[in-house]
Amino acid sequence: MNLSPVELHYLKRELVSIELRQEIDKLKHQLDLNPVLKRDCDYANEYPFLRYICSRFVVQFPLLKQDDESEFWIKCQQFLNDFGKIKLDTYTPRRSGASQRRILMYKLQKLMIVGLCATIKTIQGEEHSLKKTEVLKGKEEKEMEEKALASALNESVTLLENEDHYLAWLGFNGLAINVVAVRDVSERRTLREKTHAEFIISTYFEGQSEPVFVSRRHGDFRRLAQDLQTEFPTDDVPGVPRKASDALSDATDEAEPAPSHFYREQDRQLLRSFLHRIASEAPLAKSDTFIKFLTEKPIRMTPELQADADKRQEMDQARAEEEAKFREEVDRKMGELNELLDMLKKRILQPGGLIEVFNIIKNTRNVEDLPQAMRKAFEWGRINFAFVLHTQFVTSDRSAENIANLKRTHMLIPYRAIAQLLKLSNPFAMVKSILDLFLTQPFGRRSLLQRIIISSVNDGTKQVQQDIANLEAKIQDPALCQKVKNATETPITDDEISERSIRGVLSPINETLEMLKNPDIQPQLTPAQIVKLAAANDPANIRARDFVMQLHSLWTLHARQREHAILSDLIFQGGTGDLLREIFALFYQPLAQVYRAANIGDSLQHLSVFIDDLIGTIDGLDMKDLGNTTQPFVQLVQRHEQQFYNFVHQVHANDKTHLFDELLAYVDGVFALVAHGLPNRIDMDQIIANAGIAIGDPGLRKDMDAICKYHSERKAQHMKRTRQKLMMDEVEDEAFDFFPNHQEVMGVIHDLAELDEEDDNEMWLDQPEGDGAAHELTIEMPQLAVIPKIVPYFVESLKDLM
């Protein structure tokens with residue numbers, strides 16, 4: 001059958017998907033690891049794909065290849081047996097822990113599909129998935145897409161480096177908020193006057209040309225956070241930052257923050273960041289509590305306040321310009337190094353290239369003696385690391401908080417004592433003894449670790465129970481409250497889970513109504529309750545919709561409470577502690593031997609010296625003149641670059657266990673497998689013929705058209721969503737031009753990129769209808785008639801190769 005590269009890719013992917021789903025479903029119903037770990041097991045032939053994945057990628061992982069590895073898998077089996085006794089799949093809101101587990105399972109399954117497709121090559125030759133630009137129709141739309149990509153790629157580089165930029169990118173739900181000034185206000189008390197600071201908040205609302213100014217004390221911000229937490233018990237409300245002077249006095253012996261050009265400037269920046277984090281969350285930003293905080297008791301700006309606000313605005317602008325200038329320097333340096341970095345990428349991506357690069361590091365003691373391409377890579381890393389430090393401790397609104405946290409943590413860590421312990425004792429024996437102390441269950445009673453975790457879980461459970469009681473008091477319908485609770489205890493079938501995933505995007509209100517109408521969840525609704533709930537379908541009936549939203553919050557809290565109970569059950573199972581011991585023994589022991597041989601104690605001392613130098617650099621900055629704050633950070637990193645490199649060199653040079661050699665060989669083997677695949681290629685035409693399907697079979701052609709149409713629609717929907725988020729990252733094919741058989745590899749790379757772009761919340765997050773593009777998972781899979789018949793012959797052709 002004459003298949004195009006795209007059709008060949010998706011036919012192979014569909015065959016792999018069908019078989020893998022069958023194997024996973026089978027394994028879920030009988031949690032026995034032996035068939036996927038051992039070839040000589042009676043049921044091994046029932047799991048050919050899972051057995052190959054385990055034998056090639058899991059069992060071969062260097063840290064798992066130990067003499068007593070069988071003990072580890074026995075403990076894993078024991079843990080799975082305990083885990084299988086827990087009733088996990090019930091009716092829960094899609095943002096609950098149960099849904100997050102399903103998301104994780106979906107991503108893991110998709111990753112396995114991509115991995116298998118990468119290793120299975122066909123004699124038919126080139127294959128690739130649909131590229132984003134191939135999905136677009138029309139030249140104009142393609143050009144628009146390319147422009148969006150170019151601008152978004154430039155923006156996305158800095159999003160993770162500066163939280164302020166990230167929040168601005170998310171948007172503030174129609175609000176433009178700034179803390180523009182600070183004033184002192186005197187308050188007369190019984191015997192004397194008390195002076196306190198008030199922060200002037202400016203807010204532009206959507207559609208308004210004039211801002212609203214209000215003044216708020218630090219305590220008002222704390223009350224705002226408390227009120228929002230009470231109103232939204234299921235949401236994560238940002239915490240109020242401490243006063244800069246309080247945070248610094250806890251971290252050091254200093255009573256005052258570093259000198260600033262303006263009164264309470266650091267607090268102003270911290271509180272602005274706090275308001276921005278609230279404004280980026282739609283439910284919080286649109287709440288009456290937050291709007292009231294921004295608008296109640298407005299004030300007029302006096303000339304003195306306006307002058308203060310103007311000067312602070314100039315300071316904000318200077319910080320932004322300094323950061324932009326530093327970013328430009330990073331980009332310029334990157335442009336200069338592109339050619340050399342491409343040479344380094346070419347070397348790494350070639351078979352054995354990664355091992356070759358680290359062998360150079362192993363045999364070279366000093367940075368300046370490295371080959372030119374690697375020296376330039378360190379130079380690029382130096383300026384990028386300096387940029388991140390500068391952003392976090394100078395230009396970010398939360399810089400004062402970051403500095404206080406750094407000083408506090410640095411002051412508490414006993415570097416010298418830890419270094420001496422690591423030099424004079426056996427790290428593995430020491431930490432293993434501590435672990436035994438925490439995990440031992442004397443006379444069958446709770447271990448110390450169980451007591452610590454249960455104590456923490458109980459604190460969270462008490463808060464959830466209190467929130468549940470408060471909500472039930474507001475709802476005042478015990479029968480409905482009981483039905484909501486019963487939903488989290490009622491088992492849900494795999495078919496119902498699949499239906500929920502493709503039913504379409506539901507708002508929290510519609511999702512709750514669907515659950516309440518379910519006849520499997522007791523008690524049944526009364527006619528009066530049905531009428532009351534049906535009114536929530538009317539957007540104008542605010543009271544009914546608020547009532548259903550309360551039920552949704554109650555449902556979420558009951559799901560959270562059940563998650564706590566499940567966690568407690570797992571903790572009390574003896575298999576959990578045994579598995580932790582085995583994981584520690586397998587992973588920590590070889591690493592401890594390597595780090596001890598590399599004299600990690602000295603490296604800890606060097607880390608202490610670096611942080612001392614970092615704090616000294618920060619304290620030595622002139623915050624009144626931000627025009628020259630970048631170079632000290634570049635010089636700081638450069639001063640300690642050799643010590644960092646020396647640690648990496650020592651780790652590899654003194655690795656007598658060859659652990660890192662094995663890890664590098666493992667990664668290199670994965671690269672080679674992706675590039676070259678299984679020992680032999682399969683013949684898709686012969687497989688189709690063996691299945692008794694004629695070349696040109698109309699049923700097969702219909703299935704292929706349906707699959708390609710499905711993936712085209714899915715990718716188009718994915719692009720629509722990402723365009724709305726302005727985050728249009730595209731895989732750079734040029735980076736993989738050096739890869740052997742790179743044309744075949746690119747299909748795998750695009751699939752992995754798509755997997756990486758999936759957002760855990762968006763996959764199951766329910767939005768109001770019409771609020772943007774639905775998730776691509778809501779597109780229904782086509783019903784296939786012919787392709788499933790090919791699966792047994794496809795699997796049979798691969799068994800000997802795997």
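**Briefing on a predicted, mainly helical-element model: from α34 to the whole chain**

Helix α34 spans residues 787–799, and its 13 residues reach 19 Å from first C-alpha to last, close to the 18 Å expected at 1.5 Å a residue. The model that holds this helix is predicted. In total, the protein has 34 helices and three strands. Buried residues account for 46% of its 802 residues.

**Overall architecture**

- Of the contacts between residues at least 6 apart in sequence, 79% join residues at least 24 apart.
- One pair distant in sequence is Glu356 and Leu664, which stand 308 residues apart along the chain while their C-alpha atoms are separated by 9.7 Å.
- Glu356 belongs to helix α15, residues 353–363, and is partly exposed at a relative accessible area of 39%.
- The protein exposes about 40500 Å², and carbon and sulfur atoms supply 53% of that area.

**Helix α34**

- The buried residues of α34 include Ile787, Ile790, Val791, Phe794, Val795 and Leu798.
- In general, an α-helix has 3.6 residues a turn, so residues three or four places apart point the same way.

**Around the start of helix α11**

- Arg264 lies in the loop between α10 (244–251) and α11, and has a positive phi of about 55 degrees although it is not a glycine.
- The relative accessibility of Arg264 is 22%, and the residue therefore counts as partly exposed, the class between 20% and 50%.
- Gln269 is found within helix α11 itself, which covers residues 265–279.
- With a relative accessible area of 5%, Gln269 falls under the 20% limit and is therefore buried.
- Beyond its neighbours within four places in sequence, Gln269 is in contact with Arg319, Ser396, Asp397 and Ser399.

**Backbone features in other loops**

- Gln476 is another residue that is not a glycine yet has a positive phi of about 55 degrees.
- The position of Gln476 is the loop between α20 (448–475) and α21 (478–487).
- Gln476 has a relative accessible area of 68%, which is over 50%, so this residue is exposed.
- The peptide bond from Gln522 to Pro523 is cis, with omega near -5 degrees.
- Pro523 is placed in the loop between α23 (508–517) and α24 (527–534).

**Nonpolar surface on helix α5**

- Met105, Leu108 and Leu111 make a nonpolar surface patch of about 240 Å².
- Leu111 is located in helix α5, residues 97–119.
- The relative accessible area of Leu111 is 41%, and the residue is partly exposed.
- Leu111 can take part in the patch because its 41% is over the 30% required of patch residues.

**Cysteines**

- A search of the whole structure finds zero disulfides.
- In general terms, a disulfide is a covalent bond between the sulfur atoms of two cysteines.
- Cys54 has a relative accessibility of 17%, under the 20% limit, and so counts as buried.
- Cys117 also counts as buried, because its relative accessibility of 5% is under 20%.

Terms used:
Residues are numbered from 1 along each chain as its sequence is written. This is a predicted model: local features need pLDDT of at least 70, side-chain atom pairs count only at pLDDT 80 or more; totals for chains, interfaces and linings use all residues. Side-chain values use heavy atoms; hydrogens and water are left out. Helices (H or I, at least four residues) and strands (E, at least two) are DSSP runs, numbered from the N terminus. Buried means under 20% relative accessible area, exposed over 50%, partly exposed in between (1.4 Å probe, protein chains only). Contact means heavy atoms within 4.5 Å. The expected span of a helix is 1.5 Å times one less than its number of residues. Accessible areas come from the Shrake-Rupley method with a 1.4 Å probe; for residues, only the protein chains shown count as cover. Patches are made of residues with over 30% relative accessible area and no salt bridge: like charges are joined within 9 Å, nonpolar side chains (Val, Leu, Ile, Met, Phe, Trp, Tyr) within 5 Å. A salt bridge is a side-chain nitrogen of Lys or Arg within 4 Å of a carboxyl oxygen of Asp or Glu. A disulfide is a pair of cysteine sulfur atoms within 2.5 Å.
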